[in-house]
Amino acid sequence: MIGVGILTFFCLFSFTSHFARSEELLLPTLYVGGSGPGNYSKIQDALDTITTRGTVYVFPGTYHEQLMISKPVHLIGKNNQSTILDGGNEQYVVTLTAGNSTLSGFTIIHSEMKFPYAGVFIISDNNTISDNILTDNFYGMQLGYATSHNLIVNNMIYDNGRCGIYFNHASNNRLIRNVIKNNPVNGFGLYEFSNNNTILNNTFSGNRDTGVNIRESYDNQVIGNTFNQDHVGLHTPSPEYHTVVQDNIFTENAVPLDEERDAIVSTVVLFDFFVLIVFLVFKRLFR
């Protein structure tokens, strides 16, 4: 009986694995650009048509669109230097609302140049953003309120209007092996309870305010990154926020590592200093 049970288990496992592989093979791929018969000319048209978990594959060219990814799909560009998404300076260039999607292989430019617009705006979970170039946007990328478990890996993010990447209440995300440089404020800003994020093996270079600026956020890990020629390499909140800083390299930064002082402690110290000065002045006057 045991042998029959084991044989039955392996048969069922083999059938299930075969079924899963067959299902993956049946998922469609739609093509945009290029010269193939039936290829789409607009990326958004293909995104609207593709079934869940399918792939939209984009051939090189410049596509003047603002894209909305509203179902779990894979949007893949053939070459990230020659497959260009140009938002025409209107709001966001790409917005991911559904989650469980992939965005890879594009140059993404020309969001609207004012707050809060960005080249990539993520308001969903479990997305992978990889191998893209984000430049000449207001924010290169922004993760919106309560987004989590997104992977941002191997992107080049530079020369945007404000910050390379901006998190606002975005937790449990991973930023790995990106190059983030020459942004006029922060390379990467984490604000207002963007907690438990991992910042691993990235390069931050030439950002004119801060390479990584963490404010009011708990339990973030900053490990194995390179900070080069930023004004401030890494700004962390005060110790009670439990930021892990480990194995980073700091070269030619005006201020390599800056830790924020607790506001209450700073106020007490300043008050005590003021009281001391007043005491010394009155002591001198009434001697």
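**Exercises on parallel strand pairing**

Three bridges, written as 3 bridges in the count, join strand E20 (residues 198-200) to strand E23 (residues 221-223), and the two strands run parallel. The model is predicted, so that local features need pLDDT of at least 70 and side-chain atom pairs count only at pLDDT 80 or more, while totals for chains, interfaces and linings use all residues. Residues are numbered from 1 along each chain as its sequence is written, and side-chain values use heavy atoms, with hydrogens and water left out.

**Exercise 1.** Determine which residue in E23 stands opposite Thr-198, and place the two strands in their sheet.

*Solution.* Strands are DSSP runs of E with at least two residues, numbered from the N terminus, and two of them pair if DSSP finds at least two bridges between them. Opposite Thr-198 stands Gln-221 in E23. The open sheet has 10 strands in the order E1-E2-E5-E8-E11-E14-E17-E20-E23-E26, with parallel pairing. Strand E1 (29-32) and strand E26 (244-246) stand at the edges, each with a single partner strand, so one side of each lacks a neighbour in the sheet.

**Exercise 2.** Describe the pairing and the burial of strand E25 (residues 232-236).

*Solution.* On one side, 3 bridges join strand E22 (residues 210-214) to E25 in parallel, and Thr-210 has Val-232 as its bridge partner in E25. A further 4 bridges join E25 to strand E28 (residues 255-259), again in parallel, where Thr-236 has Glu-259 as its partner. Finally, 5 of the 5 residues of E25 are buried (under 20% relative accessible area, 1.4 Å probe, protein chains only), so this strand is largely enclosed by the rest of the structure.

Terms used. Buried < 20%, exposed > 50% of the residue type's maximum accessible area, 1.4 Å probe, protein only.
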